[in-house]
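User: Please take a close look at one part of this model for me, namely whatever surrounds any metal. Then tell me how the rest of the chain fits around that part.

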Amino acid sequence: MESGGAYSARSRTAFVGALLVAGFAVVSCGGDGNAAASGKVTVVYEDSAIKPKDRHAVTVIRSSGVLEQVADWVNKSVALPHDMVVKVTDKVPPGVTDAVTQPDGRTIFVPPVFLTQIEGVLSDVVKTVKRPAVLPEAQFNADDLTALSTQFIFGHEMGHALQRQLLLANLGLEEVAADGFASFYTVNEVGPGPSLAAAILFDELAREEGKLTLEGFSSDHPVTQQRVFTFLCYLEGSDPKRYYGPLVGAGYLPKTRAPLCPQAWAMLDYGWWTQLQAHFTEAFKDQGDKTQANARDHLIAETKAFEKQIDDLRRGQ
Ligand SMILES: [Zn+2]
């Protein structure tokens, strides 16, 4: 924080609070599975409804193409029952201050002021936090971190939208599944950048939240610092040879968590491919089916590998 003034502190607290309740909504999607599934995702920038103070952050996101990248992947891979519109606009429903998905999964709002707030937090981070070596120097600036973390956050909202439009069967909290989709999509399709940038952003937000409150503990989201470690765990587990040193060795992901991550990633990856399989587009079906089968084999292999370590891990506790 640059000034630490009362207004600044208050607005940050409100921002963190809003992020925590993001996506909280009663799910009412009826899931008409037999309807023609030809819905498409479109991203709309309502330029006339964007305040001058937010235009820089919006330009960063727009020129990076991160929202369109997610939308394109969904359009290529998933047959949606309904169109989905992603609106970058100040014209949002009452009380909306951060990215949200409507209960029917057909509209995602990305308020420009939310992007400016992310950019503000990350501008402070690059001045006060040492760059993790795993993140290239060229990406350790407020604009790139804003684009990358926004892609992860948008992945989270897309996770909500898919769950609601497709009426996916959840075995845990919807918010956890939404975070899971963000990891699943970005790790597979983009690379490590979004997970790392989101971990950096949420770590700073957790610091600003300070001591946990009753509301924090009782949120439908895991507590913020816990989400940081889960983002890192999935990334590490997706390729331990590549990420163990930079994430675990360097002390960002605790050694107590790391042994669980390869299997956790394999479960997530298999889980999402399997959830989406019934909804693959015709064009994606062959590739998607093969990928799902590979993810299944990978999960079986990781579970066997985990079994071999389990006695040593328990003994080490
Ligand atoms: Zn959410």
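Analyst: Among contacts between residues at least 6 apart in sequence, 71% join residues at least 24 apart, with contact meaning heavy atoms within 4.5 Å. Keep in mind that this is a predicted model, where local features need pLDDT of at least 70 and side-chain atom pairs count only at pLDDT 80 or more, while totals for chains, interfaces and linings use all residues. Numbering runs from 1 along each chain as its sequence is written, and side-chain values use heavy atoms, with hydrogens and water left out.

Now the metal. The zinc ion has H156 (NE2), H160 (NE2) and E175 (OE) as its protein donors, lying 2.1 Å from it. Donors here are N, O and S atoms within 2.8 Å of the metal (3.2 Å for Na, K and Ca), and since water is not among the atoms, sites may look incomplete. Along the chain the donor residues are spaced H-x3-H-x14-E. H160 sits in helix α5 (residues 142-165) and E175 in helix α6 (residues 174-189), so this pair, 15 residues apart, links distant parts of the chain. Helices (H or I, at least four residues) and strands (E, at least two) are DSSP runs, numbered from the N terminus. H160 has a relative accessible area of 0% and is therefore buried, and E175 is buried too, at 3%; the cut-offs are under 20% for buried, over 50% for exposed and partly exposed in between (1.4 Å probe, protein chains only).

The loop between α5 and α6 holds L167. Most residues other than glycine have a negative phi. L167, which is not a glycine, has a positive phi of about 50°. With 48% relative accessibility, L167 counts as partly exposed.

Moving away from the metal, W273 belongs to helix α11 (residues 261-277) and is buried at 4% relative accessibility. Neighbours within four places in sequence aside, the contacts of W273 are W73, F184, N188, F280, F284, T291, Q292 and A295. W273 also lies 8.4 Å from D289, C-alpha to C-alpha, with their positions 16 residues apart in sequence.

E236, in helix α9 (residues 224-238), is a buried glutamate, with a relative accessible area of just 1%. Again leaving out neighbours within four places, E236 touches Y243, Y244, L247, V248, L253, A258, C261 and P262. Its C-alpha is 8.4 Å from that of W265, although the two are 29 residues apart in sequence.

For helix packing, take α4 (residues 112-128) and α7 (residues 193-209): the angle is about 90° and the axes are 10 Å apart. Axes are lines fitted to C-alpha atoms, for helices over the stretch in contact, and angles run from 0 to 180 degrees between N-to-C directions. That makes α4 and α7 roughly perpendicular, a label for 65 to 115 degrees. I118, V121, L122 and V125 from α4 meet I200, L201, E204, L205 and E208 from α7. By class, that contact has seven nonpolar, no polar and two charged residues.

As for the whole protein, its secondary structure comes to twelve helices and four strands. Of its 317 residues, 48% count as buried.

Conventions. Parallel < 35°, antiparallel > 145°, perpendicular 65-115°, else oblique. Nonpolar A, V, L, I, M, F, W, Y, C, P; charged D, E, K, R; others polar.
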